[in-house]
Amino acid sequence: MKDNREFLEGVYKKAEMLERERVEKSRIYKRYVKISSMAAAIVIIVPLLLFKGQNSVPKGYTEIPQIARMFTIDDPMISFHEADYIVVGETKKIDKSQYVKENNYIYTDITIGIEKVFLGDIHKDEIILRVRGGKVEKEKVFSQMEGEFKKGSKSLLFLQKEEGVYYLVNDGEGQFLEVEKDVFIDKQGNKYNIDDIKDNIDRR
């Protein structure tokens, strides 16, 4: 029990740090009550950890549960309001995943070729998108990857930027996959063409 308690406390501390760094400046943050007690955070995190544990883990690998973000909302419109950058990009390269042992998490850098910029100033042909999760062969550790990326695939991406590196907003909800030319689908099954995207940005 002590090990489990210490693990959950570590998860909570890391989640709290990420929330301060990546969410405290967001417009939606002010609409929600900040969870301050350890007990409340554990109640939220434990079921999510158990759910993640039900996903398929590569044989011989140890799964590292993703740290739950407390303010993830299953509403596609949140991505339009939260993003500092909205682009259509093609997955050019998926780097080897990296395991940060001291904080017990995995991340993967993905090279995205920029095709259209709907919001924000991006003057490069390519950017680095950093997502949580991946598989690290050396340490035999695995974590479910944030978003769905395959070389050559295109996505509508909702991004924020820190120290030159881009991140998805609202976890994997910040990626809409292309299902046909210039038509993208969110996690709820809603489709968006170019005009829909522009209209939603205008309503921010």
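Colleague: Which residue forms a salt bridge with Lys116, and how far apart are the closest N and O atoms?

Modeller: In this predicted model, Lys116 forms a salt bridge with Asp182, and the closest N and O atoms are 3.2 Å apart. The pair links distant parts of the chain, since Lys116 sits in strand β4 while Asp182 lies in the loop between β10 (175-180) and β11 (183-185), 66 residues apart.

Colleague: And is Lys116 buried or exposed?

Modeller: Neither label fits, because its relative accessible area is 29%, and a residue counts as buried only under 20% and as exposed only over 50%. Lys116 is therefore classed as partly exposed.

Colleague: How many salt bridges does the structure hold?

Modeller: The structure holds six. Among them are Glu90 with Lys92, where the closest N and O atoms are 3.7 Å apart, and Asp95 with Lys93, at 3.6 Å from N to O.

Colleague: Take Glu90 and Lys92 for a moment: which is buried and which is partly exposed?

Modeller: Glu90 is the buried partner, with a relative accessible area of 17%, whereas Lys92 is partly exposed at 37%. In the other pair, Asp95 counts as partly exposed too, with a relative accessibility of 27%.

Colleague: Back to β4, then. How many of its 15 residues are buried?

Modeller: Eleven of them are buried, which leaves the strand mostly covered. As for its pairing, β4 runs antiparallel to β2 over eight bridges, and within that pairing Val88 has Lys116 as its bridge partner.

Colleague: What else pairs with β4 in the antiparallel sense?

Modeller: Strand β3 (residues 98-100) does, over three bridges, with Val100 standing opposite Tyr105. Strand β5 (residues 126-132) also pairs with β4 in the antiparallel sense, over seven bridges, and there Thr108 stands opposite Val131.

Colleague: Which residues take a positive phi in those hairpins?

Modeller: In the hairpin of β3 and β4, which has four residues between the strands, Asn104 in the turn has a positive phi of about 55 degrees. In the hairpin of β4 and β5, with six residues between the strands, Gly120 takes a positive phi near 95 degrees.

Colleague: Changing topic: which residues have the most contacts inside the largest nonpolar core?

Modeller: That core has 15 residues, and those with the most contacts inside it are Phe80, Ile86, Phe118, Leu156, Phe158 and Ile197. The elements giving two or more residues to this core are β2 (85-94), β4 (105-119), β8 (154-162) and α4 (194-202), and α4 gives the most, with three residues.

Colleague: What is Ile197 in contact with, leaving aside its neighbours within four places in sequence?

Modeller: Ile197 is in contact with Phe80, Phe118, Leu156, Phe184 and Tyr192. Apart from the core just described lies another one, of 14 residues, including Val87, Ile114, Phe149 and Tyr166.

Colleague: And the chain as a whole: how many helices and strands are there, and what share of the residues is buried?

Modeller: The protein chain has four helices and twelve strands, and 46% of its 204 residues count as buried. Among contacts with a separation of 6 or more, 64% join residues that are 24 or more positions apart.

Colleague: What about the area that the chain exposes?

Modeller: The protein chain exposes about 12,000 Å², and carbon and sulfur atoms supply 48% of that area.

Conventions: Residues numbered from 1 in each chain as written. Predicted model: local features only at pLDDT ≥ 70, side-chain atom pairs only at ≥ 80, totals over all residues. Heavy atoms only, no water. Buried < 20%, exposed > 50% of the residue type's maximum accessible area, 1.4 Å probe, protein only. Contact = heavy atoms within 4.5 Å. Areas by Shrake-Rupley, 256 points an atom, 1.4 Å probe, with all protein chains shown as cover. Core = buried A, V, L, I, M, F, W, Y, C linked by side-chain atoms within 4.5 Å. Pairing = 2+ DSSP bridges. Salt bridge = Lys/Arg side-chain N within 4 Å of Asp/Glu carboxyl O.
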